[in-house]
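Let's take a walk through this model together, beginning at its core and working outward. Keep the structure open beside you as you read.

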Amino acid sequence: MMAIVIFDVKSTLFERGTPLKVTKAKAAENRAALVQAAGSLFRERGIDGVGVAEISKRAGLTHGALYAQFPSKEALAAEAFAAAFKRGFERMTADRDGRPATLTDYLDYYLSFDHRDNVATSCAMSACVSEVARQDKVLCDRVTEGFEQLVAVMERGLGASPVKAENRQRALAMAAAMIGGVAASRAVAKADPKLSNQILRAVRRIVGEVGGEEGQVEGARGRARATRKRARAARSPAPSTQL
């Protein structure tokens, strides 16, 4: 009898004050809502600045629903960060007009005024990087994985550069500069918007140079010119062979 009672209690969540049996589909929906809400709130107000009550409210759920899904706020934070990294990398590396994204696309996406100004949907690392070292290891592990993903993306996009360093060193420095650049730009934006913009533009230029972006851009321009030349030649009438 005791086992049956315990089972019944665990299989019932109280949402909005009403007992509700939760199906697997509903449980998955609740989990996704909590992860989304937590990710946005953590980026907006910081990890330590948000409690489980606010996360639950933003998701439209109760404490009970949250703790039925996650054993702790830290576990929720770890999953929220992992989900945010996944979405961010998908947006950053998505094809542009049917062509693969390039280093220029990556940098234009990350080091943009829009990315800086929309904290709630921005990279979780740039929004919360100063807090992560004070959190539990489970969250540090997710952030480390996300950082390594960003480094890998940068390394794949590298071009020839006068910088005398190994590719991984270049990619590490670029990723760190991008995250720190956005964070620094945000930090001074209210007091000195001009300085904020200068920081972002400076990091964008230097990171591009370290990554060998200029050579890639020139190469792309050369290929585009050649394509246009071939297209013009194809449209031009063939020279007459008649005497």
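## From the core outward

The largest nonpolar core holds 52 residues, and within it Ile 55, Phe 81, Leu 150 and Met 154 touch the most other members. Helix H5 supplies the largest share of this core, with 9 residues. Please bear in mind throughout that this is a predicted model.

Before following H5, here is the overall plan. The protein has 12 helices and 2 strands, and along the sequence they run in the order α-β-β-α-α-α-α-α-α-α-α-α-α-α. Of its 243 residues, 37% count as buried. Among contacts between residues at least 6 apart in sequence, 63% join residues at least 24 apart.

Now to H5 itself, which covers residues 73–93. Its 21 residues, at 1.5 Å a residue, should span 30 Å, and the C-alpha atoms at its ends are indeed 30 Å apart, so expectation and model agree. The buried residues of H5 are Lys 73, Leu 76, Ala 77, Ala 78, Ala 80, Phe 81, Ala 83, Ala 84, Phe 85, Gly 88, Phe 89 and Met 92. What do these buried residues of H5 pack against? Their partners are helix H2 (24–45), helix H3 (52–59), helix H4 (63–69), helix H6 (103–110), helix H8 (124–132) and helix H9 (137–156).

Phe 81 is a good residue to pause on, being both buried in H5 and one of the core members that touch the most others. Leaving aside residues up to four places away in sequence, Phe 81 touches Phe 42, Ile 47, Ala 124, Cys 128, Leu 139 and Val 143.

Two other residues of H5 show how accessibility varies along the helix. Ala 82 is found in H5 and counts as partly exposed because its relative accessibility is 33%, in between the limits of 20% and 50%. Although Ala 82 and Arg 142 are 60 residues apart in sequence, their C-alpha atoms are 5.9 Å apart in space. Lys 86 also has its place in H5, but its relative accessible area of 53% makes it exposed. The C-alpha atoms of Lys 86 and Gly 146 are separated by 8.3 Å, with their positions 60 residues apart along the chain.

Those two pairs lead us to the packing of H5 with H9. Two packed helices are described by the angle between their axes and by the distance between those axes. Here, the axes of H5 and H9 come within 8 Å and cross at roughly 10°. An angle under 35 degrees counts as roughly parallel, so that is how H5 lies relative to H9. On the H5 side, the contact is made by Glu 74, Ala 77, Ala 78, Phe 81, Ala 82, Phe 85, Phe 89, Met 92 and Thr 93. H9 answers with Val 138, Leu 139, Arg 142, Val 143, Gly 146, Gln 149, Leu 150 and Val 153. By class, the residues of this contact of H5 with H9 divide into 12 nonpolar, 3 polar and 2 charged.

H8 is another of the helices that the buried residues of H5 pack against. In H8, the buried residues are Ala 124, Met 125, Ser 126, Cys 128, Glu 131 and Val 132. They are covered by elements including H2, H5, H6, helix H7 (113–117), H9 and helix H10 (167–189).

The loops deserve a look too. Asp 97 lies in the loop between H5 and H6, and its phi is positive, at about 50°, although it is not a glycine. With 85% relative accessibility, Asp 97 counts as exposed. Gly 159, in the loop between H9 and H10, is instead buried, with a relative accessible area of 16%. Its C-alpha atom is separated by 8.6 Å from that of Leu 103, 56 residues away along the chain.

Our last stop is the pair formed by H10 and helix H11 (residues 193–210), whose axes are 8 Å apart and pack at an angle of about 170°. Angles over 145 degrees count as roughly antiparallel, and H10 and H11 are therefore roughly antiparallel to each other. Among the contact residues of H10 are Met 174, Met 178, Val 182 and Val 188, while those of H11 include Leu 195, Ile 199, Leu 200 and Val 203. The contact of H10 with H11 has 14 nonpolar, 3 polar and 2 charged residues.

Methods: Residues numbered from 1 in each chain as written. Predicted model: local features only at pLDDT ≥ 70, side-chain atom pairs only at ≥ 80, totals over all residues. Heavy atoms only, no water. Helix = DSSP H or I, 4+ residues; strand = E, 2+ residues; numbered from the N terminus. Expected span 1.5 Å × (residues − 1). Buried < 20%, exposed > 50% of the residue type's maximum accessible area, 1.4 Å probe, protein only. Contact = heavy atoms within 4.5 Å. Core = buried A, V, L, I, M, F, W, Y, C linked by side-chain atoms within 4.5 Å. Axes fitted to C-alpha atoms, helices over the stretch in contact; angles between N-to-C directions. Parallel < 35°, antiparallel > 145°, perpendicular 65-115°, else oblique. Nonpolar A, V, L, I, M, F, W, Y, C, P; charged D, E, K, R; others polar.
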